[in-house]
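User: Please take a close look at one part of this model, the helix with the disulfides beside it, and then place that part within the chain. I would like one connected account.

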Amino acid sequence: MTGTKCFLVGLVLVTGIAAILAQQQCPSDLCRCERGHPGKGRIINCRSRSLSRVPDFRASDELFYELTLANQDNCDRCNNITIIPASAFRGLKISVLRIDNVLLDFVSHQAFKGLLMSLEEISLQGNGRHPPPYRALSTLRNLKKLTLKGFQQNSITRVNADFSRLSNLQELVLKNMDISYITKDAFQDRLPNLKKLRMEYLQLGNLPVSGLMPLKNLEELYAVYVNLRRIPFGAFSSFKKLKVLDLSHNAIRDLVPDCFEGIEHSLEYLGLHLNQLDAGNIGPLASPTWRKLTQLNIGHNYLTRLPLGLFFNMRSLEYLNLDSNEIISLQPGSLQGLQNLTYLDFSGNMISSLVPGMFLHTPRLTELDLSGENTREFNLTSEGLHGLEETLKKLYLKSTPVAESEMWRAIRNLRQIHTLQLDSTGLTEIPDFQFTHNTHLEELKLQQNLFSRLNEKTFYGLSQSLKVLYLQGNQFRTLGRCVLQHLTSLDTLYLGRNPLDCDCRHRFLRQWIIDRIADDFLNEFIIESYCNTPGKYMNRALWEIPEEELVCDSAHEEGVCENITTVSPQQTTRQTTPDPFVTLRPHTGNGSSMFRFTKIIETDNGINLEWTSEDEIETGFSLEYQLLGQTSKIRTENLHKSTRNFLISGLDTNCHYLLCLRVKPRQKDIPDKEQRTCIAVRTLP
């Protein structure tokens with residue numbers, strides 16, 4: 001009896017081990033299996049493998065989250081799969097199937113046989129010569145998301161687009177097709193659970209109101225790059241649950257009165273950017289009483305002014321984008337009704353000043369973008385910012401030619417400011433004690449200006465708050481001890497493209513940089529403290545020069561730092577002996593807690609990365625990389641949310657690169673807290 005029990009226990013163990021080993025195997029030797037989202041299964045990655053056909057897969061009882069046969073953009077080993085034969089995925093259980101950036105020519109009616117119960121999402125791309133494989137797709141009754149790109153289809157009718165069996169479909173994407181109209185019965189009694197419809201790069205010309213009317217449960221509607229010119233009366237009246245409406249990247253110049261009737265109680269986001277709207281035709285936007293509208297984007301249009309009352313019925317609005325219009329002037333009542341507004345983008349207009357009192361209507365505004373104003377001189381005054389003294393936390397003035405003295409006086413009153421962006425504004429000097437009342441300022445961007453000197457009075461008031469300081473691209477020859485020693489919270493300093501004199505005055509800066517590099521080696525490439533003089537050290541990093549070689553001529557006298565005991569420049573006293581060096585707070589780095597790199601493989605011309613994520617990523621990743629040690633182009637790869645590895649190719653041999661992986665914001669038009677992890681690597685010789 002004991003021997004029988006031992007045998008049974010052993011059999012169970014062997015069976016269990018065999019099952020575990022089977023799960024670790026990949027169904028195809030031509031692909032790679034990767035760890036996917038926690039709790040969602042692994043990914044079969046066949047992306048960009050030079051495949052000419054769908055691989056033969058071994059049967060598996062494992063439920064895989066995703067199988068991708070897609071190509072990366074600009075890939076060197078692109079798949080050339082044109083046919084999906086019958087039972088191509090026999091023996092597999094997968095939730096998501098992606099066949100993007102390939103040019104399908106034929107899809108068998110039985111192509112997805114065996115995936116009926118497991119497949120929830122599929123993405124297919126055709127070669128433009130054949131219609132979508134609706135017959136093959138009709139077997140996928142549990143499908144929740146369908147993406148069709150690049151197929152030949154001029155219209156959607158009840159006959160040529162059979163969605164009758166896809167009753168569980170929640171999201172439909174139609175992209176890069178010649179669809180010019182949708183018949184009124186195409187969706188009749190079909191797609192009862194569809195919540196999201198995305199139409200991109202179609203040839204509609206007119207919004208297919210009657211064709212879309214049966215989709216009464218829509219919550220998100222995107223009609224982008226579809227050549228819309230006019231929004232008719234009651235165009236969305238059937239969509240009582242609509243929350244998101246994106247009509248951007250069209251040629252809309254006619255909003256018929258009451259065109260938004262029926263969605264004013266449900267809509268939360270409205271995108272009308274990149275159209276042809278002006279002050280004369282935007283009026284119908286003001287008519288509805290928008291109960292829940294929190295985000296509005298009408299940037300990149302032709303507005304020269306804001307009609308009074310335009311936002312009066314938008315009491316819930318929090319985000320307003322008016323960038324890249326042609327707005328010349330504003331009025332005190334331009335923002336009336338926006339008592340809940342927190343973010344306002346006026347960038348890229350032709351505004352020369354802010355009207356006193358206009359921000360009394362925005363008591364909750366925390367972020368204001370005035371970058372890139374196309375004007376000879378922008379006069380930012382205290383009166384123009386009146387109402388924002390205790391609320392504004394972020395102010396952007398990048399590339400706006402400001403009136404210097406007035407601007408400094410206006411900023412002095414912003415007592416809650418956290419981020420101040422003043423790069424490329426033509427500034428020449430910072431007044432002493434300028435930031436006395438800006439004691440919450442954490443990030444200060446002063447790069448690409450004409451500054452040449454700083455002293456201990458420059459940043460007085462910021463000793464406990466300033467964390468990031470951008471000084472690159474100015475005319476600084478020295479950055480002495482007296483400037484830095486009181487900035488005890490400073491974590492990150494950018495100094496590149498300044499003509500530094502590497503002499504005895506920079507011994508403190510040298511040690512400061514060494515301390516930062518010891519804490520985080522990325523600071524070697526971030527700070528970029530390169531010498532201009534003496535000639536033998538030109539283009540060498542300051543921190544690499546031995547301290548004893550940082551010398552001055554005999555006429556140089558060691559400066560004495562002032563011991564500032566008062567906030568008034570008229571009441572400063574001078575200390576008779578030099579201040580002792582201050583030990584600064586350790587740099588905390590810039591990594592993300594959401595994900596981390598797990599494997600880095602360098603070759604002579606490429607880097608293979610793998611990473612894991614602690615949390616579920618809903619939006620996707622952006623991988624940015626740049627050659628270090630010099631100014632070079634930042635290259636970006638946009639990656640799917642399920643991606644956990646990527647090969648960067650075409651790099652220079654034996655070079656350092658900075659790689660940064662970040663999570664994309666949920667809504668691209670809305671600022672979001674960035675999660676980011678960076679590493680520096682070197683390709684092989």
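Analyst: What follows starts from helix H6, moves to the cysteines and the leucine around it, and ends with the cores and the chain as a whole.

The model is predicted. Helix H6 covers residues 507–519, which makes 13 residues. From its first C-alpha to its last it reaches 19 Å, close to the 18 Å expected at 1.5 Å a residue.

Which residues of H6 are buried? They are Phe508, Leu509, Arg510, Trp512, Ile513, Arg516 and Ile517. The list includes two arginines, Arg510 and Arg516, beside residues such as Trp512 and Ile513. An α-helix has 3.6 residues a turn, so residues three or four places apart point the same way. The partners of this buried set are three elements: helix H5 (481–484), strand E26 (492–494) and helix H7 (523–527).

Leu479 gives a view of the same region from outside the helix. This leucine is found in the loop between strand E25 (468–470) and H5. Its relative accessible area is 2%, so Leu479 is buried, the limit being under 20%. Leaving aside residues up to four places away in sequence, Leu479 touches Leu454, Leu471, Leu484, Leu493, Leu495, His506 and Leu509. One of these, Leu509, is also among the buried residues of H6. Another, Leu495, is 16 residues from Leu479 in sequence, and the two C-alpha atoms are 9.5 Å apart in space.

Two disulfides start from the loop that leads into H6. In one, Cys502 is bonded to Cys531, with the sulfur atoms 1.9 Å apart. The torsion about that S-S bond is -95 degrees, and the link of Cys502 and Cys531 is left-handed. Cys502 sits in the loop between strand E27 (500–501) and H6, while Cys531 belongs to strand E28 (residues 531–533), so the pair ties together parts that are 29 residues apart in sequence. Cys502 has a relative accessible area of 3% and is buried. Cys531, at 3% relative accessibility, counts as buried too.

The other disulfide joins Cys504 to Cys552, with an S to S distance of 1.9 Å. This link is also left-handed, with -100 degrees about the S-S bond of Cys504 and Cys552. Cys504 lies in the loop between E27 and H6, and Cys552 in the loop between E28 and strand E29 (595–602), so this pair ties together parts that are 48 residues apart in sequence. How do its two ends stand in accessibility, buried or partly exposed? Cys504 counts as buried at 14% relative accessibility, whereas Cys552, at 27%, counts as partly exposed. The cut-off for buried is under 20%, which is why the two ends are classed apart.

These two belong to a set of six disulfides in the structure. Another one of the six links Cys31 to Cys46, with 2.0 Å from S to S. Its torsion about the S-S bond is about 105 degrees, so the disulfide of Cys31 and Cys46 is right-handed. Cys31 is placed in the loop between helix H1 (2–24) and strand E1 (32–34), and Cys46 in the loop between strand E2 (43–45) and strand E3 (63–68), so the pair ties together parts that are 15 residues apart in sequence. Both Cys31 and Cys46 are buried.

Turning to the cores, the largest nonpolar core has 158 residues. Phe89, Phe112 and Phe346 are those with the most contacts inside it. Phe112 touches Phe89, Leu97, Val107, Ile122, Leu124, Ala136, Leu137 and Leu140, again not counting residues up to four places away in sequence. Apart from this core lies another, of 19 residues, including Ile607, Leu623, Leu651 and Tyr657. In soluble globular proteins, nonpolar side chains tend to be buried together.

Ser108 also touches Ala136, one of the contacts of Phe112. This serine lies in the loop between strand E6 (106–107) and strand E7 (121–126), and is buried with a relative accessible area of 10%. Its other contacts, beyond four places in sequence, are Ile84, Pro85 and Ala86.

For the chain as a whole, there are seven helices and 35 strands. Of its 685 residues, 52% are buried. Among contacts between residues at least 6 apart in sequence, 66% join residues at least 24 apart. The accessible surface comes to about 31200 Å², and 48% of that belongs to carbon and sulfur atoms.

Terms used:
Residues numbered from 1 in each chain as written. Predicted model: local features only at pLDDT ≥ 70, side-chain atom pairs only at ≥ 80, totals over all residues. Heavy atoms only, no water. Core = buried A, V, L, I, M, F, W, Y, C linked by side-chain atoms within 4.5 Å. Buried < 20%, exposed > 50% of the residue type's maximum accessible area, 1.4 Å probe, protein only. Contact = heavy atoms within 4.5 Å. Helix = DSSP H or I, 4+ residues; strand = E, 2+ residues; numbered from the N terminus. Expected span 1.5 Å × (residues − 1). Disulfide = S-S within 2.5 Å. Areas by Shrake-Rupley, 256 points an atom, 1.4 Å probe, with all protein chains shown as cover.
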